[in-house]
Amino acid sequence: MKIYVPLDSAAVALGADDVAAAITSYAAKAGISVEIVRNGSRGMVWLEPLVEIEDAQGRRAFGPLSPADVPALLEGTLKSLGRVEDIAFFARQTRLTFARCGLIDPLDLTSYAAHGGLGGLKRALSMTAQQTVEEVTASGLRGRGGAGFPTGLKWETVRSAQASQKYIVCNADEGDSGTFADRMLMEGDPFSLIEGMVIAGLAVGATRGYVYLRSEYPVAIRVMRAAVDIARENALLGEDILGTGTAFDVDIRVGAGAYVCGEETALLNSLEGKRGTVRAKPPLPALHGFMGQPTVVNNVISLATIPVIFEHGAAHYAAFGIGRSKGTVTLQLAGNVKYGGLFEAGFGMTLGDVVTDIGGGTATGKPVKAVQVGGPLGAFMRPDKFETPIGYEEFDNAGGLIGHAGLTVFDDSADMGALAQFAMEFCAIESCGKCTPCRIGSTRGVETIARIRNGDHAAIPLLEDLCDTMRDGSLCALGGFTPYPVLSALNGWPQDFGVTTAEVTQ
Amino acid sequence: MSATDPTDDTLSRLIARHRDCEGPLLPILHDMMEAFGHIDEGTYPQLGRALGITRAEIHGVVSFYHDFKTRPNGHHTIKLCRAEACQSVGATETQSALFDRLGLTDFGTTPDGRITVEAVYCLGLCACGPAALVDTQPRGRVSAQSLATEVGA
Ligand SMILES: Cc1cc2nc3c(=O)[nH]c(=O)nc-3n(C[C@H](O)[C@H](O)[C@H](O)COP(=O)(O)O)c2cc1C
Ligand code: SF4
Ligand code: FES
């Protein structure tokens, strides 16, 4: 029988390697013939390690599994969760970007192709560069890395630039707390990212690509490197892509533990071997990027969504979503949440649906106090904002941002004063140092919040002024957006700072 | 590192492996971390000559990134996540308990030089926090006890 045991970091973090070892050794002892496939995760982290057995009856899931469950699993006496596709959390999703993640062996190119892989690339190979860019524009895809910039527009800028060398750079720095979609995708379906990068190369006329992958993701680094080797051996990368005479190749580069290197210009500096400081824009990276050449910088999820857009057509993709937020969003339910994991669905569900219905509320069973959406630079939202639909403009109007679509849930034991202080501390630790409001302001911010929390209410207007200065005087969103978590915490939960609503002027 | 140091050869090999790629410095520094456990200032002249950059530039890069260390870590390294999602499930308390258990007052290396505890900000394990990397092994729902046991403390 075939047994799927995820190699995904979250599954491994919860004991998947031990389960795999236990299966091998028990099977050997009991004389049961098993084939273990290390797949990606199906995204239901509370059920990890989630193991699936495939036999004549189809594919049945078991989890969360510990090595002690292995004898019952192999003897057929363990109670199954049924088919993954029938588990409510999974059944409610629209899986486009993550269609194959957890389903296939991530390094089996044949299985990748059998599940729709390479279909998008083959179609793109039959199109002109301009048509390829137009297809992306028609899909309505907006960058999933944070800013939501239209991907087609970015590609068109690079396509129409004249240069001897252009580049595709994949931003796989995923530094935001509460996010793990990039990691899951790279570990579970690396070829979709590679295929997306090849299509991007065809579209803009780039022959070289880099994946800038954070060092905190050792499993993703290993899987991506192996996938690139396999892709080269099978002409998915190299001088002669699928026998068409077109060239494109990819290298995996590892970051070095600096959050700010997720910002695209800092990332390019880092890739060039420099300090990861932010560059002033303009010039745009699209025109003056890696090595001064026109460069597409896109997030992992943006690029990995490209193949499915080409496979089913732009109109199919654009039919999902609401308003100007087209297609699917790969939500990540994180923190103190009962059902944590990856949930892909069309834009438009409300925040409350996601946190309460899908996520099941908090893991501790206590009331939800706050949800931080969009990572450390995103606002803390109160349950009275739960009606907000998940969409770029909709969140903007509610004073929040979607960012990379991570949702971190806090129960009523959270201290919003401490979290605000942490937001400033994080900015101080990770600042690239280029602008004074960010470099110095964040340290002053830590001190000022500490003063307020110690009862000095006169420091409130100081903090508000400081946040204004950081917002207006910072070159990038690290300094510029840190005021969002800080002020949303202060305004939303003044009692956690020991002050009354009336004392908070904004 | 002196000219007679046996690692000199290793360094030349590491440099040769990457020098023709675009932006070779970070890949070389990563390989040096792996081979030597830290980055010795004594290597800057050789590196600088090979890549056509100054000592100051190398120092600037090494000091910018959290991953590059100028002194070796302990025998085991625990990277403990301090970021928001892990805080929401008690990472701050886990951190204090781990410090108590190892006799640390802050992030750093234990007095016996065996174990280094570093702060990290998210490991992508935010739905199963508190999270850590023990050497390079991802660990979820950790406690001070589970971490200490794993590194034999
Ligand atoms: C401080 C900071 C950190 C960022 N971190 C990331 C990141 O980890 N991953 C990412 O894709 N984008 C990140 N971004 C956004 C990038 O600058 C850029 O907008 C993105 O890579 C563009 O790709 P997209 O259009 O596909 O989203 C960050 C931005 C800032 C200001
Ligand atoms: S805001 Fe902060 S991180 Fe961004 S460029 Fe300025 S100093 Fe650097
Ligand atoms: S916040 Fe700790 S792993 Fe993401």
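**Exercise 1. Determine which residues bring helices α7(A) and α8(A) into contact, and how the two helices are oriented.**

In this predicted model, the residues A129(A), Q130(A), V133(A), V136(A) and T137(A) of α7(A) meet T151(A), G152(A), L153(A), W155(A), E156(A) and R159(A) of α8(A). Sorted by class, this contact comprises five nonpolar, four polar and two charged residues. Turning to geometry, the axes of α7(A), residues 129–139, and α8(A), residues 151–160, come within 7 Å and cross at roughly 160 degrees. Since angles over 145 degrees count as roughly antiparallel, α7(A) and α8(A) are therefore assigned to that class, roughly antiparallel to each other. The handedness completes the description, for α7(A) passes α8(A) in a left-handed crossing.

**Exercise 2. Describe how α10(A) and α13(A) pack, giving the angle and the distance between their axes.**

Two packed helices are described by the angle between their axes and by the distance between those axes. For α10(A), residues 190–204, and α13(A), residues 300–312, the angle is about 80 degrees and the axes lie 7 Å apart. An angle of 65 to 115 degrees counts as roughly perpendicular, and α10(A) and α13(A) are therefore roughly perpendicular to each other. On the side of α10(A), the residues involved are S192(A), L193(A), E195(A), G196(A), M197(A), I199(A) and A200(A), and they meet V300(A), L303(A), A304(A), I306(A), P307(A) and F310(A) of α13(A). By class, the contact holds ten nonpolar, two polar and one charged residues.

**Exercise 3. Classify the orientation of α17(A) and α22(A), and characterise the residues of their contact.**

The axes of α17(A), residues 416–430, and α22(A), residues 483–492, come within 8 Å and cross at roughly 165 degrees, so that the two helices are roughly antiparallel to each other. The crossing of α17(A) past α22(A) is left-handed. From α17(A), the contact draws on M416(A), A420(A), A423(A) and M424(A), while α22(A) supplies P485(A), V486(A) and A489(A). The division by class gives seven nonpolar, no polar and no charged residues.

**Exercise 4. Quantify the interface between chain B and chain A, and identify a salt bridge that spans it.**

Begin with the contacts, in which 37 residues of chain B take part together with 60 residues of chain A. The two chains bury about 3,600 Å² between them, and 59% of this area is on carbon and sulfur atoms. Within chain B, the residues that lose the most area to chain A are E22(B), F64(B) and E84(B), which together account for 21% of what that side buries. Between the chains, the count of salt bridges is two; E425(A) forms a salt bridge with R82(B), in which the closest N and O atoms are 2.9 Å apart.

**Exercise 5. Locate the residues D17(A) and R38(A), whose side chains meet in a salt bridge.**

Over all chains, a search of the whole structure finds 34 salt bridges. In the one between D17(A) and R38(A), the N to O distance is 2.7 Å. D17(A) belongs to helix α2 of chain A, residues 16–30, whereas R38(A) sits in the loop between β2 and β3 of chain A, so placed that the pair links parts of the chain 21 residues apart.

**Exercise 6. Place H76(B) within chain B and list the residues it touches beyond its sequence neighbours.**

Chain B has seven helices and five strands, and H76(B) is found in strand β1 of that chain, residues 76–81. Leaving aside residues up to four places away in sequence, H76(B) touches R114(B), I115(B), T116(B), D135(B) and V151(B).

Definitions and conventions:
Residues are numbered from 1 along each chain as its sequence is written. Chains are lettered from A and ligands numbered from 1 in the order in which they are written. This is a predicted model: local features need pLDDT of at least 70, side-chain atom pairs count only at pLDDT 80 or more; totals for chains, interfaces and linings use all residues. Side-chain values use heavy atoms; hydrogens and water are left out. Axes are lines fitted to C-alpha atoms, for helices over the stretch in contact, and angles run from 0 to 180 degrees between N-to-C directions. Helices (H or I, at least four residues) and strands (E, at least two) are DSSP runs, numbered from the N terminus. Angles under 35 degrees count as roughly parallel, over 145 as roughly antiparallel, 65 to 115 as roughly perpendicular and the rest as oblique. A crossing is left-handed if the near helix is turned anticlockwise from the far one by less than a right angle, and right-handed if clockwise. Contact means heavy atoms within 4.5 Å. Ala, Val, Leu, Ile, Met, Phe, Trp, Tyr, Cys and Pro count as nonpolar, Asp, Glu, Lys and Arg as charged, and the others, Gly among them, as polar. Buried area is the accessible area (1.4 Å probe) that two parts lose on being put together, summed over both. A salt bridge is a side-chain nitrogen of Lys or Arg within 4 Å of a carboxyl oxygen of Asp or Glu.
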